[in-house]
Amino acid sequence: MHSHDDDDHSHLTDIEARVRALESLLGEKGYINSTAVDEIVQTYEKKIGPQNGAHVVAKAWTDKQFNDWLRKDATAAIHSLGYTSRQGEHMEAVFNSPDTHHLVVCTLCSCYPWSVLGLPPTWYKSPPYRSKAVIDPRGVLADFGVHLPEHTSIEVHDSTAEIRYLVIPERPANTDDLDEKALSQLVTRNSMIGTAILAPAEKTK
Amino acid sequence: MTDLSLLPGISLHENEPVFNEPWEAQAFGIVIALHDNEVFSWDEWVSALVKVLNEHPNEDYYKNWLSALENIVDSKKLISFDTLSHRKALWHEAAAQTPHGEPIQLPSHT
């Protein structure tokens, strides 16, 4: 038998202890309360995610009036569906077409349209994506397995604390008979950042 | 030119988890709560985060996030680095005195 003196008590990593120090002190001084912090985490883990953006996209595909509104005032149009940003930034919707493909990045840090896409994926926050998206967008798309025709130009949008972008991908082929709800199931997170295009739907018999 | 797909730990797939470890979620939630309570503006937070990201471009994102949080809490004079460091030590002590599997709590203090 070996003795395992250290194993019978709990252990916090250095980083866990730093977070607990912050949370306990900020709580005691009344700057935050733990219930509110837990609720925020729950919301971002469960309720806010790419399904919100997919709803916006599917509505833009099926509702001409909403589509026009989204082009003119995306912040208000998106707000009308109940998706509001706590950080108060403006939204802009950018529409893909056969001529133009839109790609979103935040070169400074990781600004991202949280209210419609949830929290950014790891690659979005990574320095290589942040620097390469602007210099070589076609190369970035190739990394994601997206190969656009030569004649399609790529517009890169750099997000800031004040303005965030949502890409409206092109509606896939063979989807004429689908309703808004069914369409929203086809919309992927990456397609709303611009690092994916949507494949044509399977033909139904 | 960097090939994104060759980066370790970076998944280009859909549906990766939002947070990889509970502390990341807590550090995230604390920042949002402080902003909700108007302790700082979102611009101020972004500046604090960008500064750390630029200093440590290859560090784990949420570790940088946490360092930025400690910095802004100190610079806003909410809690000093010394106080944080002292409290961190108390948490380590509390963990050492807590049987494995039980919730770790700070000894009640006055």
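A crossing of two helices is left-handed if the near helix is turned anticlockwise from the far one by less than a right angle, and right-handed if clockwise. In the predicted model described here, α2(A) passes α1(B) in a right-handed crossing. The residues of the contact of α2(A) with α1(B) comprise nine nonpolar, two polar and two charged. The helices concerned span residues 34-47 of chain A and residues 22-36 of chain B, and their axes approach within 8 Å at a crossing angle of roughly 115°. Because angles of 65 to 115 degrees count as roughly perpendicular, α2(A) is described as roughly perpendicular to α1(B). On the side of α2(A), the contact is formed by Val37(A), Asp38(A), Ile40(A), Val41(A) and Tyr44(A). The partners contributed by α1(B) are Ala25(B), Gln26(B), Phe28(B), Gly29(B), Ile30(B), Ile32(B), Ala33(B) and Asp36(B).

One residue of this contact, Val41(A), can be followed individually. Val41(A) is located in helix α2 of chain A. Its relative accessible area is 7%, so Val41(A) is buried, the limit for that class being under 20%. With residues up to four places away in sequence left aside, Val41(A) touches Phe19(B), Ala25(B), Gln26(B) and Gly29(B). Within chain A, Val41(A) is separated from Arg189(A) by 148 residues in sequence and by 20 Å in space, C-alpha to C-alpha.

A further pairing between the chains involves helix α1 of chain A, residues 14-28, and helix α3 of chain B, residues 61-75. The axes of α1(A) and α3(B) come within 11 Å and cross at roughly 35°. The crossing of this pair, α1(A) and α3(B), is left-handed. From α1(A), the contributing residues are Ile15(A), Arg18(A), Val19(A), Leu22(A) and Leu26(A). From α3(B), they are Lys63(B), Leu66(B), Ser67(B), Leu69(B), Glu70(B) and Val73(B). Classified by side chain, the contact of α1(A) with α3(B) holds seven nonpolar residues, one polar residue and three charged residues.

Helix α1 of chain A also contains Ala21(A). The relative accessibility of Ala21(A) is 1%, and Ala21(A) therefore counts as buried. Apart from residues up to four places away in sequence, Ala21(A) touches Leu84(B), Arg87(B), Lys88(B) and Trp91(B).

Chain B itself contains four helices and zero strands, arranged along the sequence in the pattern α-α-α-α. Of its 110 residues, 44% count as buried. Among contacts in chain B with a sequence separation of 6 or more, 38% join residues 24 or more positions apart. Within this chain, helix α2, residues 42-55, meets α3(B), with axes that come within 8 Å and cross at roughly 125°. An angle of this size lies outside the parallel, antiparallel and perpendicular ranges, which makes α2(B) oblique to α3(B). The crossing of α2(B) and α3(B) is right-handed. The contact draws Glu44(B), Trp45(B), Ala48(B), Leu49(B), Val52(B) and Leu53(B) from α2(B). From α3(B) come Tyr61(B), Asn64(B), Trp65(B), Ser67(B), Ala68(B), Leu69(B), Asn71(B) and Ile72(B). The residues of the contact of α2(B) with α3(B) comprise 10 nonpolar, three polar and one charged. Ser67(B) and Leu69(B), listed here on the α3(B) side, also belong to the contact of α3(B) with α1(A).

Two loop positions in chain A were also examined. Asn96(A) is placed in the loop between β1 (90-95) and β2 (100-105). Asn96(A) has a relative accessible area of 11% and is accordingly buried. The side chain of Asn96(A) reaches the backbone nitrogen of His102(A) at 2.7 Å. Beyond residues up to four places away in sequence, Asn96(A) touches His101(A), His102(A), Val167(A), Ile168(A), Pro169(A) and Glu170(A). The other position, Ser126(A), is found in the loop between α7 (122-125) and α8 (127-135) of chain A. The relative accessibility of Ser126(A) is 5%, so Ser126(A) counts as buried. A polar atom of the side chain of Ser126(A) lies 2.7 Å from the backbone oxygen of Trp123(A).

Definitions and conventions. Residues numbered from 1 in each chain as written. Chains lettered and ligands numbered in written order. Predicted model: local features only at pLDDT ≥ 70, side-chain atom pairs only at ≥ 80, totals over all residues. Heavy atoms only, no water. Buried < 20%, exposed > 50% of the residue type's maximum accessible area, 1.4 Å probe, protein only. Polar contact = N/O pair within 3.5 Å; in protein donor to acceptor, adjacent residues only side chain to side chain. Axes fitted to C-alpha atoms, helices over the stretch in contact; angles between N-to-C directions. Parallel < 35°, antiparallel > 145°, perpendicular 65-115°, else oblique. Contact = heavy atoms within 4.5 Å. Nonpolar A, V, L, I, M, F, W, Y, C, P; charged D, E, K, R; others polar.
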